[in-house]
Amino acid sequence: GIKDIERFTYTKESISYEWVGNICQLEIRCQSPVPVAYEYVRKYKMHYAEQLLLTGRYAISEVGYMVSMSSQSYFRKCFKDEFHVNPSDYQKQVKS
């Protein structure tokens, strides 16, 4: 669930173990290469990050950490790719 993202950094192996048991089964069930699964996890993380930002209780750096992003710059890039605005501008828009 959403709370699991706060505790884990997902890898190809952990996704396959949790979802379907092994990486071959993951690729068969997705009917596409594993990067699609990574994209799904990234989108899930970004939408959870959006929920955290909307609460107004967390700094952007905290949110990046809470969704297990590898670095703040990568978090900001992924957020901007998903919502077409960087997290700080998004936060400003929400507050106004």
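## A side chain on helix H7

The side chain of Gln-91 reaches the backbone oxygen of Tyr-58 at 3.3 Å. This geometry comes from a predicted model. Gln-91 sits in helix H7. With a relative accessibility of 14%, Gln-91 counts as buried, because the cut-off is under 20%. Beyond its neighbours within four places in sequence, Gln-91 is in contact with Leu-53, Tyr-58 and Ile-60.

Helix H7 covers residues 87-95, and its buried residues are Pro-87, Tyr-90 and Gln-91. Viewed down the axis of H7, these buried residues fall within an arc of 100°, so they line one face of the helix. Gln-91 thus belongs to the set on that face.

## Overall fold

The chain has seven helices and zero strands. Along the sequence the pattern reads α-α-α-α-α-α-α. The chain holds 96 residues, and 34% of them are buried.

Contacts span the sequence. Counting those between residues at least 6 apart, 48% join residues at least 24 apart. The chain exposes about 6100 Å². Carbon and sulfur atoms supply 55% of that area.

## Confidence

The average pLDDT of the chain is 75. Of the residues, 62% score at least 70. Residues 16-24 stay under 50 in pLDDT. For this stretch the model has 15 contacts beyond four places in sequence.

## Salt bridges around Arg-42

The structure holds four salt bridges. One joins the side chains of Arg-42 and Glu-39, at 2.8 Å from N to O. Both residues lie in helix H4, which runs over residues 35-55. They are three residues apart, about one turn of the helix. An α-helix has 3.6 residues a turn, so residues three or four places apart point the same way. Burial separates the two partners into classes. Arg-42 has 15% relative accessibility and counts as buried. Glu-39, at 33%, counts as partly exposed.

Arg-42 has a second partner. Its side chain meets that of Glu-82 in a salt bridge at 4.0 Å, N to O. Arg-42 lies in helix H4 and Glu-82 in helix H6 (residues 72-83), so the pair ties together parts that are 40 residues apart in sequence. Both Arg-42 and Glu-82 are buried.

## A salt bridge within helix H6

Asp-81 and Lys-77 also pair. Their side chains meet in a salt bridge at 2.6 Å, N to O. The two residues are four apart in helix H6, about one helical turn. Asp-81 counts as partly exposed, at 41% relative accessibility. Lys-77 counts as partly exposed too, at 47%.

Salt bridges with shared partners also build a network. That network joins Glu-39, Arg-42, Lys-43 and Glu-82.

## Positive phi in two loops

Most residues other than glycine have a negative phi. Ser-68 has a positive phi, near 60°, and is not a glycine. Ser-68 is placed in the loop between helix H5 (60-66) and H6. Its relative accessibility is 12%, and Ser-68 counts as buried.

His-84 also has a positive phi, about 60°, although it is not a glycine. This residue lies in the loop between H6 and H7. At 67% relative accessibility, His-84 counts as exposed. The two loop residues therefore fall on opposite sides of the burial cut-offs, which are under 20% for buried and over 50% for exposed: Ser-68 is buried, whereas His-84 is exposed.

## Links between helices

Helix H6 appears in several of these features. Glu-82 of H6 pairs with Arg-42 of H4. Asp-81 and Lys-77 pair within H6 itself. The loop with Ser-68 lies between H5 and H6, and the loop with His-84 lies between H6 and H7. In H7, Gln-91 is buried, and its side chain reaches back to the backbone oxygen of Tyr-58.

Note on methods: Residues are numbered from 1 along each chain as its sequence is written. This is a predicted model: local features need pLDDT of at least 70, side-chain atom pairs count only at pLDDT 80 or more; totals for chains, interfaces and linings use all residues. Side-chain values use heavy atoms; hydrogens and water are left out. pLDDT is the predictor's confidence in each residue, from 0 to 100. Contact means heavy atoms within 4.5 Å. Buried means under 20% relative accessible area, exposed over 50%, partly exposed in between (1.4 Å probe, protein chains only). The arc is that of the directions from the helix axis to the C-beta atoms. A polar contact is a pair of N or O atoms within 3.5 Å; within protein, one must be able to donate a hydrogen and the other to accept it, and residues adjacent in sequence count only if both atoms are side-chain atoms. Accessible areas come from the Shrake-Rupley method with a 1.4 Å probe; for residues, only the protein chains shown count as cover.
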